[in-house]
Amino acid sequence: MLWLTWRQHRTQLLVTFGFLALLGGILLLSGQLAADAANGKTSLYCHGGGIPCREYDAGLEDLYQKIYPLVVLVPFVPLLAGVFWGAPLLAREYERNTHRLAWTQSVGRGHWLAVKFGVLAGCAMLAGLASGQMFGAWLEMFPGKAESFAETSYFGALGVAPAAWWLFAFALGAAAGALVRRTLPAIAITVAVFLAASIALLLLRPHYAEPVRTIGADPATKGALIVKLGRVTPDGRETSSLDEVPGCPPGLGKSACAQAAGYQDFTVYQPVDRFWRFQWTEAGILLAATAVLGGVAVGGTVRRRR
């Protein structure tokens, strides 16, 4: 069964790992440029060299912004496991009627599914861990970017969360294939549900724990996940920071004028030190969803008579 699994899915596996290798090469090249700039070896992005350059030179930020359009796509890379591994796993067998032959051999459908599902799920988890480590190592080249809530767009591409996203995408594709028995519809369902889940967790993430509320300037808000910003009026009411303040002109100087009038800025946020707590929380949510989807895929396959 292991050899059969490799023979049937080697193209999808090789294409996916080839894409990851290409992505890793791009990150490695730009990361090396950042490292050279920080060490004063590259004058294009660094002027002065050493630690001051690494911390303050705007050239590193410029390099980061140039690669950023690729960065925002990284959280969607797990879709490869759902589209190319999970969706065709069962849907293709039903579509070609090869399941009638495959499941009447000496290997039962339960064993057949366990080996295939287990091998591909293991590969998905390894791919997720590898991509998370690769992306995290790249972010370390840019001060303040790693282990930060400031960029929620790539939170799911860091740490342990990518492994959970890869497993979720794979199980989602397999479940869709077991239910609709057609590859293209299964792929469409996988993409739609994955995107919906990404948006749902993006909205849910600020509420994984009770946020911290602070009045006035607070250094702890740097790199934090901002939940809400606003002002407290002299009579204790909360207003948006965009609302007009009586007697204060809009634009520059509005904040100073508001403070002079007795208004206080407040911030509701999730501190940076909760990064790994939130990583494990999100991974737990996704693994629970993966278990349900895996049950749907297995149950829909083992119990079906045809």
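Two strands pair if DSSP finds at least two bridges between them. Helices (H or I, at least four residues) and strands (E, at least two) are themselves DSSP runs, numbered from the N terminus.

Before we start: this is a predicted model, where local features need pLDDT of at least 70, side-chain atom pairs count only at pLDDT 80 or more, and totals for chains, interfaces and linings use all residues. Residues are numbered from 1 along each chain as its sequence is written, and side-chain values use heavy atoms, with hydrogens and water left out.

**Exercise 1. Work out the strand order of the sheet and describe how the strands pair.**

Step 1. Start with E2 and E4: they pair in the antiparallel sense, over seven bridges. Val232, for one, sits opposite Gln264 in E4.

Step 2. Now go to E1 and E4, which also run antiparallel and are joined by four bridges. Here Val212 has Tyr269 in E4 as its bridge partner.

Step 3. Put it together: the four strands make an open sheet with the order E1-E4-E2-E3, and the pairing is antiparallel. E1 and E3 are the edge strands with a single partner each, so one side of each has no neighbour in the sheet.

Step 4. Add the twist. On average, neighbouring strands of this sheet are turned by 35 degrees against each other, direction ignored (axes are lines fitted to C-alpha atoms, for helices over the stretch in contact, and angles run from 0 to 180 degrees between N-to-C directions).

Step 5. Check the burial of E4. Five of its seven residues are buried, so the strand is mostly covered (buried means under 20% relative accessible area, exposed over 50%, partly exposed in between, with a 1.4 Å probe and protein chains only).

**Exercise 2. Find the salt bridges that involve strand E2, and say what each one ties together.**

Step 1. Set the criterion: a side-chain nitrogen of Lys or Arg within 4 Å of a carboxyl oxygen of Asp or Glu. The structure holds four such salt bridges.

Step 2. Take Arg231 and Asp265, whose closest N and O atoms are 3.1 Å apart. Arg231 belongs to E2 and Asp265 to E4 (residues 264–270), so this pair ties together parts 34 residues apart in sequence. Arg231 is buried at 4% relative accessible area, while Asp265 is partly exposed at 26%.

Step 3. Next comes Lys228 with Glu238, at 3.3 Å between the closest N and O atoms. Lys228 lies in E2 (residues 225–232) and Glu238 in E3 (residues 238–240), so the bridge ties together parts that are 10 residues apart in sequence. Lys228 is partly exposed at 42%, and Glu238 is partly exposed too, at 41%.

Step 4. Look for a network: Arg213, Lys228 and Glu238 are linked by salt bridges.

**Exercise 3. Now turn to helix H10 and describe the surroundings of Glu282 and Gln279.**

Step 1. Glu282 forms a salt bridge with Arg205, with 2.9 Å between the closest N and O atoms. This pair links distant parts of the chain, 77 residues apart: Glu282 is in H10 (residues 275–302), and Arg205 is in the loop between helix H8 (183–204) and strand E1 (212–215).

Step 2. Check accessibility. Glu282 is buried at 0%, and Arg205 is buried at 4%.

Step 3. Gln279 is also found in H10, and it is buried, with a relative accessible area of 0%.

Step 4. List its contacts (heavy atoms within 4.5 Å). Leaving out residues up to four places away in sequence, Gln279 touches Phe155, Leu158, Gly159, Val160 and Ala161.
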